[in-house]
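These are my notebook entries on a single protein chain, written down in the order in which I looked things up. I begin with what lies inside and what lies outside, and then go on to charged pairs, backbone angles and empty spaces.

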Amino acid sequence: MSEQSILYALEAGVATITLNRPDRLNSFNPEMHLALREALARAAKEARAVLLTGAGRGFCAGQDLSDRSVAADEAPPDIGASIDLYYKPLILQIKRLPMPVVCAVNGVAAGAGVSVALACDMVFAAKSASFIQAFSKIGLIPDSGGTWFPPRLIGDARAMALALTGDKLPAETAAEWGLIWKCVADEELIAQAGAVAKQFAVGPTRAYARIKESVQAASTNTLEAQLDVERDFMAELGRSKDYREGVAAFMAKRAPNFTG
């Protein structure tokens, strides 16, 4: 893994992954794409929760437009190929991780950086942070789930306006609208997001994985199909050690010791 573009640390079951190109506002180039996917794959094997954040004054400015693969000053680039090769696999990898992924947006999230944040399960943002889908300003459309996540979180009207105008959405408004989980003071961002990640790391990991799967399935399922999903997962989880431990701890009025 490249320590230049991605930092990785594992502590108390939490894998903290930091986008680390602060001089470029943590914008993506091929090296950082591959390093991030490697870090996520490592976390899937050895962590119980993930905390994703950015180094410096920004979370992620999306695609690095100085990257030659998307440069507009030569022959027309095949941006669709870049999405297939890098962004689509990254977004799906985040969504499919079998543990909670907490995102701490420490500054601007722009372009695909918005989608990377929204692909996570819980998003905290510093009060000074903002979200910008600036694609229309360079003649493109939101990608990497940029037309999928916002309509489902804040509705078509707001999502459409943000995509068409490319206007900046302050973190406080993003929280009020339901685009993210919570807006916190800048100095409290990592502490609060990290505390939640640590809480997840000692929780019932199999239940968290099934919660993620069932909530994601609900967006395309009928009610009847979703009731079947819930039934099947409840049947599975009801036979788990964590369920027995959870009930025993509840009855004994003590903290549970989930093993996952």
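**Entry 1: helix α1.** Before listing anything, I fix a term: I call a residue buried when its relative accessible area is under 20%, exposed when it is over 50%, and partly exposed in between. I also remind myself that this is a predicted model. With that cut-off, I find that Met32, His33, Ala35, Leu36, Ala39, Leu40 and Ala43 are buried in α1. What covers the buried residues of α1? I find that the cover includes the strands β1 (6-11), β2 and β3 (49-54), together with the helix α2.

I then checked the length of α1, which has 17 residues and, at 1.5 Å a residue, should span 24 Å. The C-alpha atoms at its ends are 25 Å apart, which agrees with that expectation.

Lysine 45 also has its place in helix α1. Is lysine 45 buried or exposed? Its relative accessible area is 78%, and because the cut-off for exposed is over 50%, I note lysine 45 as exposed. For a sense of distance, I looked up its C-alpha atom and that of glycine 146, and these are separated by 28 Å, with the two residues 101 apart along the chain.

**Entry 2: salt bridges.** Side chains of opposite charge can pair when their charged atoms come close. How many salt bridges does a search of the whole structure find? The search finds 11, and I followed several of them in turn.

In helix α1, arginine 42 forms a salt bridge with glutamate 46, and their closest N and O atoms are 2.8 Å apart. Both residues lie in that helix, four residues apart, which is about one turn. An α-helix has 3.6 residues a turn, so residues three or four places apart point the same way. I note arginine 42 as partly exposed, with a relative accessible area of 38%, and glutamate 46 as partly exposed too, at 36%.

The side chains of arginine 21 and aspartate 64 meet in another salt bridge, at 3.2 Å from N to O. Arginine 21 lies in the loop between β2 (14-19) and α1 (30-46), while aspartate 64 lies in the loop between β4 (58-60) and α2 (79-96), so this pair ties together parts that are 43 residues apart in sequence. Arginine 21 is buried, with a relative accessible area of 14%, and aspartate 64 is buried as well, at 4%.

Lysine 212 forms a salt bridge with aspartate 121, the closest N and O atoms being 2.9 Å apart. This pair links distant parts of the chain, since lysine 212 is in helix α8 (residues 205-218) and aspartate 121 is in the loop between α3 (112-118) and β7 (122-126), 91 residues away. Lysine 212 is buried at 9% relative accessible area, whereas aspartate 121 is partly exposed at 32%. I also found that Arg206, Arg210, Glu213 and Glu236 are joined into one network by salt bridges that share partners.

**Entry 3: backbone angles.** Most residues other than glycine have a negative phi, and most peptide bonds are trans. Asparagine 26, which is not a glycine, has a positive phi of about 55 degrees. I find asparagine 26 in the loop between β2 and α1, where it counts as buried at 0% relative accessibility. Serine 144 has a positive phi as well, near 60 degrees, and it lies in the loop between β8 (130-132) and α4. Serine 144 is buried, with a relative accessible area of 9%.

**Entry 4: pocket and cavities.** The largest pocket has a volume of about 650 Å³. Of the 22 residues that line this pocket, Lys95, Cys120, Asp121, Val215 and Gln216 lie nearest its centre. Which element gives the largest share of the lining? I find that α8 does, with five residues. By class, the pocket lining has 15 nonpolar, three polar and four charged residues.

I then turned to cavities, and the search finds two of 30 Å³ or more. The largest cavity holds about 70 Å³ of space, and its lining divides into eight nonpolar residues, one polar and one charged. The second largest cavity, of about 30 Å³, is lined by Leu40, Val50, Leu52, Ile94, Val101 and Cys120. Here I close my notes by returning to α1, since Leu40 is one of the buried residues listed for that helix.

Definitions and conventions: Residues are numbered from 1 along each chain as its sequence is written. This is a predicted model: local features need pLDDT of at least 70, side-chain atom pairs count only at pLDDT 80 or more; totals for chains, interfaces and linings use all residues. Side-chain values use heavy atoms; hydrogens and water are left out. A salt bridge is a side-chain nitrogen of Lys or Arg within 4 Å of a carboxyl oxygen of Asp or Glu. Helices (H or I, at least four residues) and strands (E, at least two) are DSSP runs, numbered from the N terminus. Buried means under 20% relative accessible area, exposed over 50%, partly exposed in between (1.4 Å probe, protein chains only). The expected span of a helix is 1.5 Å times one less than its number of residues. Contact means heavy atoms within 4.5 Å. On a 1 Å grid over the protein atoms alone, a cavity is a set of points where a 1.4 Å probe fits but cannot get out, and a pocket is an open set with protein on both sides within 12 Å along at least five of seven lines; lining residues have an atom within 4 Å of a point. Grid points are joined across faces, edges and corners, and a volume is the space filled by probe spheres set on the points. Ala, Val, Leu, Ile, Met, Phe, Trp, Tyr, Cys and Pro count as nonpolar, Asp, Glu, Lys and Arg as charged, and the others, Gly among them, as polar.
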